[in-house]
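Here is a friendly walk through one protein model, meant for someone seeing it for the first time. Have a look at the picture, then read on.

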Amino acid sequence: MFERVLKLFRKDQEAAERSQAQREAFIDLLVWTMFVDRHLASVEAEQIRKEAQGLQWEGRPLERFIDASVKRTRDILGSDNAERAYLDDIHERLGDAEMRMRVLSACEELIAIDGDRAEAEVAHLERVKARFAAEHPGEVG
C-alpha cells in the first residue's frame with residue numbers, strides 16, 4: 001500500500017502533474033506521523049527517506065527539506081493550536097480529497113511499519129481523518 005501511495009509522487013508523467021506543495025505536504029504529514037508518539041523508530045525514518053528519494057523534487061535539496069520538516073514537527077508537538085494550524089496547512093497544500101485520502105493511507109501504513117500502533121499514533125490519525133473528512137463527509141474510512 002505504501003508503495004502505491006508513494007508512486008503518485010514518483011518521477012513519471014502522472015507524478016509530474018503533482019505540485020511541489022503537495023509533495024512537501026506529503027513529507028510533512030509523514031514526518032509528523034512518525035514523531036507523534038515521541039518514539040522515533042529507525043524503520044519509520046528509513047522508510048520516509050528511502051521513498052522520498054524517488055520523488056520528483058524541486059527547489060531546496062530533499063534532505064534539507066526533511067530536516068526542516070522534523071524541526072517544524074518538533075516545534076508544534078504538544079500544542080493543540082499549533083498542531084491544528086499545521087494540519088490545516090497540510091490539508092490545504094494537499095489540494096484535493098483524493099490526494100488527502102491517499103496520503104492518509106500512507107500514514108496509516110507508516111505507523112504499522114514498526115509493529116507497534118501507539119495510542120498517540122491512533123489518536124493522531126483520527127484527528128487527521130476528521131480534518132480531511134470535514135469538507136467531504138463519508139469519504140474517509
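Which residues have the most contacts inside the largest nonpolar core? They are I27, L29, L30, W32, I90, L94 and F132, in a core of 36 residues. A nonpolar core here is a set of buried Ala, Val, Leu, Ile, Met, Phe, Trp, Tyr and Cys residues joined through side-chain atoms within 4.5 Å. Helices α3, α4 (42-52), α5, α6, α7 and α8 each put in at least two residues. The top contributor is α3, which gives nine.

Before going further, some ground rules. This is a predicted model, where local features need pLDDT of at least 70 and side-chain atom pairs count only at pLDDT 80 or more, while totals for chains, interfaces and linings use all residues. Residues are numbered from 1 along each chain as its sequence is written, and side-chain values use heavy atoms, with hydrogens and water left out.

**The overall plan**

The protein chain has eight helices and zero strands, so read along the sequence it goes α-α-α-α-α-α-α-α (helices, H or I, are DSSP runs of at least four residues and strands, E, of at least two, numbered from the N terminus). Of its 141 residues, 48% count as buried. Buried means under 20% relative accessible area, exposed means over 50%, and partly exposed is in between, using a 1.4 Å probe and protein chains only. Among contacts between residues at least 6 apart in sequence, 73% join residues at least 24 apart; a contact means heavy atoms within 4.5 Å.

**Two helices, each with a buried face**

Helices α6 and α8 make a handy pair to look at. The expected span in the table is 1.5 Å times one less than the number of residues.

| Helix | Residues in helix | First to last C-alpha | Expected span |
|---|---|---|---|
| α6 | 15 residues | 21 Å | 21 Å |
| α8 | 15 residues | 21 Å | 21 Å |

In α6 (residues 80-94), the buried residues are E83, Y86, L87, I90, H91, R93 and L94. Seen down the axis of α6, they fall within an arc of 170°, so they line one face of the helix. That arc is taken from the directions from the helix axis to the C-beta atoms. On the other side of α6, N81 and E92 are exposed. What lies over the buried residues of α6? The cover includes α3, α5 (62-76), α7 (97-112) and α8 (119-133). After α6 comes G95, with a positive phi near 90°.

Now for α8. Its buried residues are E121, H124, L125, V128, K129, F132 and A133. Down the axis of α8, the buried residues fall within an arc of 160°, so they too line one face of the helix.

**Rings that meet**

How many aromatic pairs does the count come to? The count is two. Rings of Phe, Tyr and Trp (its six-membered ring) pair if their centres lie within 6.5 Å; planes under 30 degrees apart count as stacked, over 60 as edge-to-face and the rest as tilted. One pair is W32 and Y86, which is tilted, at 5.4 Å centre to centre and 55° between the planes. It links distant parts of the chain, with W32 in helix α3 and Y86 in helix α6, 54 residues apart. W32 and Y86 are both buried.

W57 and F65 also pair up: their ring centres are 5.2 Å apart and their planes are at 55°, so this pair is tilted. W57 and F65 are buried as well. R72 lies over the face of F65, 4.9 Å from the ring centre. A charge sits over a ring if NZ of Lys or CZ of Arg is within 6 Å of the ring centre and within 35 degrees of the ring normal. Both W57 and F65 are also touched by I27, whose partners beyond four places in sequence are A52, L55, W57, F65, I66 and S69.

**A few single residues**

T33 is in helix α3 (residues 20-35). T33 counts as buried because its relative accessibility is 0%. Outside its neighbours within four places in sequence, T33 is in contact with C107, L110, I111, E121 and H124.

L77 is in the loop between α5 and α6. Is L77 buried or exposed? At 16% relative accessibility, L77 counts as buried. Beyond four places in sequence, L77 is in contact with W32, F35, V36, R38 and E83.

Lastly, E109 lies in helix α7 and is partly exposed, with a relative accessible area of 29%.
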